[in-house]
Amino acid sequence: MTKEDIEKAAVDNCVFENSIFNPELTPYYEQGFIDGAKWRVNSVWHDASEIPISGKEALVKYITGDLKIKYRVDVFCGYEWKEMCHYDKLIQFAYIEDLIPNTED
């Protein structure tokens, strides 16, 4: 999802979903929507200094030997995590279950 996608969704949600046509309120509503979307995306990521819950699948962001940023899905225990942080240059992780859309009403 790009920044433009979020901005378009903010306008669509404001005008089409909630029928807000007030020029004084619309920018505040749209900015709130954008801020909320950014928060949701960023809230699932944990710093590598935090030890993940053992046995939970996570998407891991790391730096390769040639300094490229890559991602992989992995399951860790505490001992492995410390070694992986050191040798694989782990940056962040997000639990897979937190990346799956919430379908609750």
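Mentor: Before we start, two strands count as paired if DSSP finds at least two bridges between them. Keep in mind that this is a predicted model.

Trainee: Okay, which residue stands opposite I63 in β3?

Mentor: Start with the strands: β2 covers residues 57-63, and β3 runs over 69-75. The two pair in the antiparallel sense, over seven bridges. Across from I63, the residue in β3 is I69.

Trainee: And what is the strand order in the open sheet?

Mentor: There are four strands, with antiparallel pairing. The edges are β1 (46-47) and β3, each of which pairs on one side only. Reading across, the order is β1-β4-β2-β3.

Trainee: Let's look at K61 in strand β2. Does K61 count as buried or exposed?

Mentor: The cut-off for buried is under 20% relative accessible area. K61 has 18% relative accessibility, so K61 counts as buried.

Trainee: Which residues does K61 touch, leaving out those up to four places away in sequence?

Mentor: D47 is 14 residues away along the chain, and its C-alpha atom is 9.8 Å from that of K61. D47 isn't what you're after, though; the contacts of K61 are W45, I69, K70, Y71, L90, I91 and Q92.

Trainee: Which elements give two or more residues to the largest nonpolar core?

Mentor: In soluble globular proteins, nonpolar side chains tend to be buried together. Here the largest such core has nine residues: A48, A58, V60, Y62, F76, W81, L90, F93 and Y95. The elements giving two or more of them are β2 and β4 (90-95).

Key: Residues are numbered from 1 along each chain as its sequence is written. This is a predicted model: local features need pLDDT of at least 70, side-chain atom pairs count only at pLDDT 80 or more; totals for chains, interfaces and linings use all residues. Side-chain values use heavy atoms; hydrogens and water are left out. Buried means under 20% relative accessible area, exposed over 50%, partly exposed in between (1.4 Å probe, protein chains only). Contact means heavy atoms within 4.5 Å. A nonpolar core is a set of buried Ala, Val, Leu, Ile, Met, Phe, Trp, Tyr and Cys residues joined through side-chain atoms within 4.5 Å.
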